[in-house]
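Hi,

Here is the structure I said I'd pass on to you. Have a look at it first, and then read my notes below.

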Amino acid sequence: MTKTSRYSYAETVAKLAAAIASAGNTIFATIDQSAAAASAGLTLRPTTLIVFGNPKGGTPFMNAFPIVGLELPLKLLVWEEPNAVNVAYASMSEIAARHGVTGMDARVAAIDAALEALTSSVAVA
């Protein structure tokens, strides 16, 4: 899922981080991928990966389907194009389908709704 932000790159990253925290989630890492590229002598457009989640949401998935741990915690990717800032993520329903998760439809739907609300908070209407 990819959405266009109505904010600048820096504002998008900051607003998403604030929204993640205010929703009761933990940000486990914020990875400035463009800075990592620069440290290797390479150039990359402004790009940040935000790794976040809530053990109350993810742990039941990983207990029942350990392979889901490859994709949890959740991630948001923010990158800047010449005329836009984009935010992308894999929905929980995509993750669940990819790993054969069954019997957790309500949990999947709740996480999808939370991701939708979070990303819509910065997206162009």
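One thing before we start: this is a predicted model. I'll go from the whole chain down to single residues, so keep the picture open while you read.

**The whole chain**

The protein chain has five helices and five strands. Starting at the N terminus, the elements come in the order β-α-β-α-β-α-β-β-α-α. If you drew a box around the C-alpha atoms along the principal axes, it would be roughly 45 × 35 × 25 Å. The radius of gyration is 15 Å, which agrees with the value near 14 Å for a compact globule of 125 residues. Of those 125 residues, 37% are buried. And if you take the contacts with a separation of 6 or more, 67% are between residues 24 or more positions apart.

**The sheet**

In what order do the five strands sit in the sheet? They go β1-β5-β4-β3-β2, and this is an open sheet with antiparallel pairing. At its edges you'll find β1 (2-4) and β2, each with a single partner strand, so one side of each has no neighbour in the sheet. Neighbouring strands are turned against each other by 20° on average, if you ignore direction.

Try walking across the sheet with me:

- β1 and β5 are antiparallel and pair over three bridges. Thr4 stands opposite Asn86 of β5, and Lys3 has Val87 as its bridge partner in β5.
- β5 and β4 run antiparallel, joined by five bridges. Here Val78 is opposite Val87 of β5. A hairpin of two residues takes the chain from β4 to β5.
- β4 (residues 74-81) and β3 pair over six bridges, again in the antiparallel sense. Look for Ile50, which stands opposite Leu76 in β4.
- β3 and β2 (residues 26-32) are antiparallel too, with six bridges between them. Thr26 has Gly53 as its bridge partner in β3.

**A closer look at β3**

How many of the residues of β3 are buried? Seven of seven, so to speak the full run of residues 47-53. In a regular strand, side chains alternate between the two faces of the sheet. You can follow the two directions here: Thr47, Leu49, Val51 and Gly53 point one way, while Thr48, Ile50 and Phe52 point the other way. Residues from both sets are buried.

**β5 and Asn86**

Strand β5 is largely enclosed by the rest of the structure, because four of its five residues are buried. Asn86 belongs to this strand. Is Asn86 buried or exposed? Its relative accessible area is 9%, and the cut-off for buried is under 20%, so Asn86 counts as buried. What does Asn86 touch, once you set aside its neighbours within four places in sequence? The list is Thr2, Lys3, Thr4, Leu77, Val78, Trp79 and Glu81. Thr4 is also the residue that stands opposite Asn86 in the pairing of the strands.

**Helices**

Now find α1, which covers residues 9-22. This helix has 14 residues and spans 20 Å from its first C-alpha to its last, close to the 20 Å expected at 1.5 Å a residue. Which of its residues are buried? They are Tyr9, Thr12, Val13, Leu16 and Ile20. Look down the axis of α1 and these buried residues fall within an arc of 95°, so they line one face of the helix. On the other side of α1, Ala10 and Ser22 are exposed.

What covers that buried set in α1? The cover includes β2, β3, β4, β5 (84-88) and α5 (105-120). After α1 comes Gly24, which has a positive phi, near 90°.

The helix α5 also packs on the sheet, where it touches β1, β3, β4 and β5. The direction of α5 makes about 25° with that of β4.

If you'd like a place to begin, turn the model until you look down the axis of α1 and pick out Leu16 and Ile20, two of its buried residues. Then go over to β3 and follow its two sets of side chains.

Cheers

How values were computed: Residues are numbered from 1 along each chain as its sequence is written. This is a predicted model: local features need pLDDT of at least 70, side-chain atom pairs count only at pLDDT 80 or more; totals for chains, interfaces and linings use all residues. Side-chain values use heavy atoms; hydrogens and water are left out. Buried means under 20% relative accessible area, exposed over 50%, partly exposed in between (1.4 Å probe, protein chains only). Two strands pair if DSSP finds at least two bridges between them. The expected span of a helix is 1.5 Å times one less than its number of residues. The arc is that of the directions from the helix axis to the C-beta atoms. Contact means heavy atoms within 4.5 Å. Axes are lines fitted to C-alpha atoms, for helices over the stretch in contact, and angles run from 0 to 180 degrees between N-to-C directions. The radius of gyration is taken over C-alpha atoms; the globule rule is 2.2 Å times the number of residues to the power 0.38.
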